[in-house]
Amino acid sequence: MLLACGLLLAVRPGLAEGEPAGVTVRTLVQSTRSWNGTPLPAYPSGQPEVTVLHITIPPGVALPMHQHPVINAGMLIRGRLLVTSAAGASVQLQAGQGLIEMVNQPHYGTNNGTEPAEIVVVYAGVKGQPITVPAPTAGPAR
């Protein structure tokens, strides 16, 4: 019986009991570390506040250097996006890929594709705390 339950859980991860047939769940990204390998910090205390943004970046546009004081993760739903840290590390995202962002580390994104890049990002913050701030020596992205 335990083996059968284990197999059921392995086949249908993340589904609640009684989910309709045909529903599938695909984990996009799951980690205790951001995309550059840095461990995620502990959650701050205070009233939790979750923010979900849909961001569209035109082709050829680079966002300014910035950082996030809160844990966040996103999924690129359309286009291409190159995310580059101030330290020089980068990751190229294609539509359908997920990403766990760096916390308190300067970085920027560049749409290096030919169509708008659309990303949905979920921020797990604290009420009254900003989710994005300019990098300490912020200037235009390179």
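**A chat about Asn104, His107 and the core**

Student: Asn104 lies in which loop of this predicted model?
Tutor: Look at the strands on either side of Asn104. One is β6, which covers 98–100. The loop holding Asn104 runs between β6 and β7.

Student: Is Asn104 buried, exposed or partly exposed?
Tutor: Start with the cut-offs: buried means under 20% relative accessible area, and exposed means over 50%. Asn104 has 45% relative accessibility, so it counts as partly exposed.

Student: What is phi of Asn104 near?
Tutor: Asn104 is a residue other than glycine, and its phi has a positive value. That phi is near 55°.

Student: Is His107 buried or exposed, then?
Tutor: His107 sits in strand β7, residues 107–110. Its relative accessible area is 0%. Buried means under 20%, so His107 is buried.

Student: Which side chain makes a polar contact with the side chain of His107?
Tutor: Don't mix this up with the backbone oxygen of Gln105, which the His107 side chain reaches at 2.8 Å. For a side-chain partner, go to the pair at 3.4 Å. There, the partner of His107 is His68.

Student: Which strand gives the largest share of the largest nonpolar core?
Tutor: That core has 14 residues, and Leu76, Leu81, Val83 and Leu93 have the most contacts inside it. Both β4 (80–85) and β8 (117–126) supply at least two of its residues. The largest share, 4 residues, comes from β8.

Student: Which residue of the core is in contact with both Gly98 and Leu99?
Tutor: Go back to the residues with the most contacts inside the core, including Leu93. Beyond four places in sequence, the contacts with Gly98, Leu99 and Leu76, among others, belong to Leu93.

Key: Residues numbered from 1 in each chain as written. Predicted model: local features only at pLDDT ≥ 70, side-chain atom pairs only at ≥ 80, totals over all residues. Heavy atoms only, no water. Buried < 20%, exposed > 50% of the residue type's maximum accessible area, 1.4 Å probe, protein only. Polar contact = N/O pair within 3.5 Å; in protein donor to acceptor, adjacent residues only side chain to side chain. Core = buried A, V, L, I, M, F, W, Y, C linked by side-chain atoms within 4.5 Å. Contact = heavy atoms within 4.5 Å.
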